[in-house]
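Reader: I would like a close look at a single part of this model, namely one small sheet, and then a word on how its surroundings are described. Please take it strand by strand and state the criteria as you go.

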Amino acid sequence: MFKKTFISLALTTAVSASAMAATEQDVQNAFHPYKNDVPAYQGLSAGMAINQDNVDQFKEIIDPAMYDFIKAGDTEIKVGETTSFDLNNSYVEATRKYMNDVSLGDNVGEIHGSVAGRPFPQEPSMDDPRAGEKLAWNFKYGYNWGDSAAIWPFYWTFRDMNSGKAERTLKFNFNFLNFTHRTQQTPVPAITPNPSNLFRATYLQVLEPFDVKNTQLLIQRFEDDLKRDNAYLYLGFQRRVRRLSTGQVTDAFLGSDIMIEDFEGYNGRISDNKWTYKGTRNMLLPMYNHNDMPLDADIHQDEDGYQMISFGGKGNCFQNVTWQLRKVYQLEGEPLDPNHPISKRQHFIDAQTFTIPRTVTYDRNGSIWKTFSIGQAHPDHHLPQNKGSGVSIDDSFSMIDMQAQHCTTGQFKGIIDPELTPESKMTVQNLRASGK
Amino acid sequence: MSKTIIMTMNRVAAGVAMGVTAMSLGLSTTAVAADTEWAGFVENATYVRDGVGLSKFRNTAQAEFSKQLESDGWDNVSINGTLRATYDGVYDLNSDEFGKDAQAGYLGENWHGQDTSTAILAPGTPFPCENDPALCKNLDGYMDQSEDDARYPDFNDQLDFIRELYISADKQLESGTVLNLSFGKQQVVWGKTDLFRVLDVINPVDYSRHNIYDELEDIRIPQWMLTAEWRMGPDKVFDDSNFSLVWNIDKFRPSNLGTCGQPYAILDAGCFFASRINGGGPYVINDVVDYDWSLRNSQFGAKWEGVYGDTTFSLNALHYRQQLPSIHFLGGPGNNFGLFDIHFPEVNLLGGSIDYYSMDQDAVWRLEMAYTEGEELARDTDGYKKTDMLRYVIGFDKNIIIPELGTSSAFLLSTQLFGEHILDHERDMPNKKDNWIATLLFKGFYMNNRLSPQIIIAHDFAAEATAIAPSIDYLINDNWKVNAAFNIKEGGNKAFPWSAAGGAAAGGQTEPLARFLNGPIGVANQEDEFQLTVRYSF
């Protein structure tokens, strides 16, 4: 009996290992899905608009929240051509190098052997009970802002969706830095010393308006996903650094419609959610060439001549950008904390870049609460210094609270330049020094 | 260096401030002006006190600037400044209650009921330098403001309208670490405590602005200081490490407790010090010791702070002068022109702070502690005693989402217990050997944080006094903000024996020593107010 069980276990392990082994073809499929052809949908063509009149025809390729908006006449989608957003080759090479060393641990939030690159480049399978978790890891260790980046500056506008009134505009600087899983900017794959084994840090500083000027936030995420982030808040009027409890990361950040946990689509631990892979489909996503979009000449002017994405539609809550038909993984994240303010997020992940251009958030009662669009700009059609960076650039966002009929819109100047984000910027001391 | 040098620095500071202003206004090159960032506000604060009427009609204009400079070999070189101009119209609009013509029936009238023991001491003279030149001479340099000084508190010999003006620069060292030097008139903030100060004692404080209730940011008195910070960053043990030195080269200034006749005179000390023995007897204060500028009299400190895992910490050491007055008894009535001299003794402080995020509680614990040697506390028989002191704060901060209260935003719950232990306590000290003040802040956010109600409660256990301050902030837009608040105090009825008035045999009195026992909350028990503040920011 014992022998039979052992053989059965050994066979299972062998089959499992075989199923998990990643191949060069997996890499090609993952990073170059549009090499040979691009997806198509009957009646859809670049240059057309999807509006109240024809949206039903395209319901299958639009997420449910966006469908509701278009159906109600709140906005329309302008369709662009599907283009390849090739990630930096260093990230692809790192994927090749380490992909067969990676395995999940016994518990959600545990991973082994992931040094750099996409941990699980294989196509997800509905038969794999942990496929959702693997997609979440692919996002976490994605090439989202590369090894480091800055958004200098970053405007958030609070808007009443019914009246269109802009209630408040915050101006920030944001910085991102990976301590580990680095592939392109030296040092690779990790910055040392790193005594607490940080994976990533996010830093932001409020520049305007006066009442929140010099508010700064530093989030340090650990390589150990089971450990909660360290978050520090500096309030300008107090000149002191305060530790944050995680209650604050699910709070409306500075009164916006965005939680800290919403940053970049999902900004929390893998282990905080139950992850479910809901399928692969072709869908329209807000991904575009920034320089070809109608831009907002008013909110920001600088010596580069850079202008930001403009907004329109109901309440000026929608980006004026083109959407393209792309391969999408649908991933559901259900918070394990019973006191969490949401019941789940439906993420629509771009399969090529593993960014999250669309997320629909449900309240505790299961009703759609918020919908998040992060416009992705191709780096070769953006600032000159971003050309060739291989970073899919977060370039605009709209977080709409559908229940409150309120939105927060974001306009970015994303810059891929390691000089703007030295390690010293990601320290507690920097909060004090910068806030003084 | 001497007092002249400090005055010269103040004049230079005024020149630089005006220069930067002029450049930004286009009197110099456009390119320079474009590099200077300006922000600020104008504000009216109107407070009405129960039974008294208007207690504040403060109009403030504040501007902050920062200008980046180019420098070979140095990074992040900048000049930073904050300018403030204040006019408080309460002295013109409610001159019966406040100002040089304010009259009190007896000492402490605004704090306690009629007490026959106060017959020994006459009521304090409001604005002594307007009403009693001899007393003004005794108080030379301390609590001797003229009414105009109170009316326009930023415009004085110390050029306090320059709230801050300092130059800051970073030097990249070969080790990969950074040395930051900062010089000028500035605030240096230590510690993690709200409302009360344990380690945050480098800058003295102006309590005359609004007792203990204004943000410390607005009431710290900036000092000329040189700071050096060695930012070491992470190493194999610490996630962050920083060592800093601070040298306060300014001429010593004590905290401003408010001159008699001002609406906010903490502990009613201003009137006590402006009092005299009834019947034309000697003044309470004979002299205020002035500490000339000298290296010997400068104040300096060091701090090492860092991050270790889930813990942030600091270790602090400071040599400074006590910022609250110590009264030294000179002898019995009749022996001197006054009874006491005011000293500000030298103090050595050792302390530290630590905060820790508890994953299990999803909350942050804060601990701050300071041990001082050299402080002097008031006592009955000898006027004062030098004693070591231990002060500490335990704080607990948690964010709680309470959907039942109609918002999905988290409420902030912050509690603190501030403790004070007198190591060489004497029975004739009005301060208890151990005392605690507990504070609670509960703050909520509605309408995308544009509407924010909060309540602050503080309770002084020894004084059995409580302050309750509910308020609501409404941000109309990015520019306009309105704050409406109540500030209610209860308690402060403790008596303490004074030997000159029969001491314990008489069962204790309110005057003059009980003011120290009743503390800043208890002594302000008649200062219940409605407060309205309107601010336009730019």
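Author: A good place to start is B:His328, which stands opposite B:Asp341 in strand E12 of chain B. This is a predicted model, in which local features need pLDDT of at least 70 and side-chain atom pairs count only at pLDDT 80 or more, while totals for chains, interfaces and linings use all residues. Residues are numbered from 1 along each chain as its sequence is written, and chains are lettered from A and ligands numbered from 1 in the order in which they are written.

Strands here are DSSP runs of E with at least two residues, helices are runs of H or I with at least four, and both are numbered from the N terminus; two strands count as paired if DSSP finds at least two bridges between them. By these criteria E11(B) and strand E12 (residues 338-343) of chain B pair in the antiparallel sense over 4 bridges, and within E12(B) the bridge partner of B:Ile327 is B:Ile342. E8(B) also pairs with E12(B), in the parallel sense and over 4 bridges, with B:Asp341 of E12(B) as the bridge partner of B:Asp287. In general, strands of a sheet pair through backbone hydrogen bonds, either parallel or antiparallel.

Taken together, the 3 strands form an open sheet of chain B in the order E8-E12-E11, with mixed pairing. Strand E8 (283-288) and strand E11 (326-329) of chain B stand at the edges with a single partner strand each, so one side of each is left without a neighbour in the sheet. Neighbouring strands of this sheet are turned by 40° against each other on average, direction ignored, where the axes are lines fitted to C-alpha atoms.

As for the surroundings, chain B also takes part in a contact with chain A, to which chain A gives 37 residues and chain B gives 48 residues; two residues are in contact if their C-beta atoms, placed from the backbone, lie within 7 Å. On the side of chain A that touches chain B, the elements that give two or more residues are strand E6 (166-178), strand E10 (240-243) and helix H6 (428-435) of chain A. The residues of that side divide into 11 nonpolar, 16 polar and 10 charged, with Ala, Val, Leu, Ile, Met, Phe, Trp, Tyr, Cys and Pro counted as nonpolar, Asp, Glu, Lys and Arg as charged, and the others, Gly among them, as polar.

Technical notes
Axes are lines fitted to C-alpha atoms, for helices over the stretch in contact, and angles run from 0 to 180 degrees between N-to-C directions.
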